[in-house]
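Visitor: Please take me through one part of this structure slowly, and then show me how the rest is laid out. I am new to it, so explain the terms as you use them.

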Amino acid sequence: MNQADLLKLSNHEIEARAIEAVIAFERAAGRTAVDLRSRKDALVDVESIDDTTGEKRLIEIKAFGGAGRGDFLWLEPNQVKAFEEDPAAHLYLVTNVRSADPSAIRILDLTGEQLRERLGKKREKHYFEVPMPVAVYDDLVANAAALPTLDGAGFLLQILDGVLALHERGYHRTRFAVTWAPDGLHARLHVGRESEMPGDPLQVTTSDLILSTSLDDVQRTAREFAGVMIPAWWDRDQIADQLLAALPPMEPAGDDPEYRDHLRELYERHRAAGTLPLTDGEGGAWG
């Protein structure tokens with residue numbers, strides 16, 4: 001990986017980004033994951049519950065800024081204890097966490113017989129050193145599931161949800177617009193202040209003060225918007241924070257609840273239908 005494409009992250013930030021990716025990964029697989037790191041009695045990082053069966057999955061996470069291929073795994077005694085007490089526990093190796101492109105992040109699931117075999121070769125020091133041959137690593141990569149993706153409509157709803165989060169913080173003068181491009185194959189997304197996007201329907205002016213992009217309906221793990229690559233697994237508050245950082249300064253006046261309610265209705269209607277939240281029509285889908 002090119003060093004220019006790596007983010008400068010502290011160890012704490014690497015771990016936090018890996019946890020976010022895992023929680024999103026579990027959500028996409030139909031499981032609800034809870035971060036246990038703040039619990040003193042927790043043996044692992046994450047507990048995940050299958051939304052359908054109720055089956056519990058215990059997950060320890062090892063985050064790597066780069067690929068981590070051929071590295072040893074450093075496990076604490078309580079982590080080894082958790083794996084030995086629960087043969088079904090999972091060790092997720094989250095790689096390429098420092099990548100500026102979230103789609104490069106991979107989650108490698110070391111569990112079952114492979115994990116037991118690795119633990120059988122552990123060497124105790126003041127910690128446990130678990131060897132990870134490149135053949136095992138490559139096997140995990142070959143069987144790794146990709147991070148969640150969103151199509152164009154899903155990304156637009158993701159951004160709209162972030163705009164709604166801003167409105168819930170009182171930034172009622174934030175405007176959201178989606179229209180078809182003239183070719184009918186792309187949708188145009190605009191987020192800005194009311195001063196640059198006035199009227200009803202909204203009039204989008206040509207201004208560097210407006211965040212804009214054109215997008216297709218291809219499934220992607222991340223799309224560029226608001227100055228960064230926004231991954232499919234970002235939640236509404238992360239998007240709201242990025243929008244707030246990228247837009248010109250605003251004050252949370254909380255003075256237009258009618259527009260906030262309009263956005264909420266737009267979001268709920270198109271999320272249920274799986275259609276594009278067009279703001280100049282009833283909405284639709286790519287042909």
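**Strand 5 and its surroundings**

Guide: Lys62 stands opposite Leu93 in strand 5. The model is a predicted one: local features need pLDDT of at least 70 and side-chain atom pairs count only at pLDDT 80 or more, while totals for chains, interfaces and linings use all residues. Residues are numbered from 1 along each chain as its sequence is written, and side-chain values use heavy atoms, with hydrogens and water left out.

Strand 5 covers residues 90–95. Strands (E, at least two residues) and helices (H or I, at least four) are DSSP runs, numbered from the N terminus. On one side of the account is strand 3 (residues 56–63), which pairs with strand 5 in the parallel sense over 5 bridges. Two strands are said to pair if DSSP finds at least two bridges between them. Strand 6 (residues 106–111) also pairs with strand 5, here in the antiparallel sense and over 6 bridges. Within that pairing, His90 has Thr111 of strand 6 as its bridge partner.

How many of the residues of strand 5 are buried? The count is 6 of 6, so the strand is mostly covered; buried means under 20% relative accessible area, exposed over 50%, and partly exposed in between (1.4 Å probe, protein chains only). His90, Tyr92 and Val94 point one way from strand 5, and Leu91, Leu93 and Thr95 point the other way.

Another buried residue is Asp45, placed in the loop between strand 1 (31–35) and strand 2 (46–50). Asp45 has no salt bridge, that is, a side-chain nitrogen of Lys or Arg within 4 Å of a carboxyl oxygen of Asp or Glu. The nearest side chain of opposite charge is that of Arg37, 5.4 Å away; Lys and Arg count as positive, Asp and Glu as negative, and His and the chain ends are not counted. Leaving aside residues up to four places away in sequence, Asp45 touches Ile19, Val34, Asp35, Leu36, Arg37, Ile59, Glu60 and Ile61, where contact means heavy atoms within 4.5 Å.

Two open sheets come next. One has 3 strands in the order 4-8-7, with antiparallel pairing. Its edge strands are strand 4 (73–75) and strand 7 (123–124), each pairing on one side only. Strand 7 is joined to strand 8 (residues 128–130) by 2 bridges, and Glu124 stands opposite Phe128 in strand 8. Helix 2 (residues 77–85) packs on this sheet and touches strand 4 and strand 8. The direction of helix 2 makes about 95 degrees with that of strand 4; axes are lines fitted to C-alpha atoms, for helices over the stretch in contact, and angles run from 0 to 180 degrees between N-to-C directions.

Another open sheet of 3 strands has the order 9-10-11, again with antiparallel pairing. Strand 9 (174–180) and strand 11 (211–215) stand at the edges with a single partner strand each, so one side of each is left without a neighbour in the sheet. The twist averages 15 degrees from one strand to the next. Strand 10 (residues 187–193) pairs with strand 11 over 5 bridges, and Val191 has Leu211 in strand 11 as its bridge partner.

Last, the whole chain. The protein chain has 7 helices and 13 strands. Of its 287 residues, 45% are buried. Its C-alpha atoms fill a box of roughly 70 × 35 × 35 Å, taken along the principal axes.
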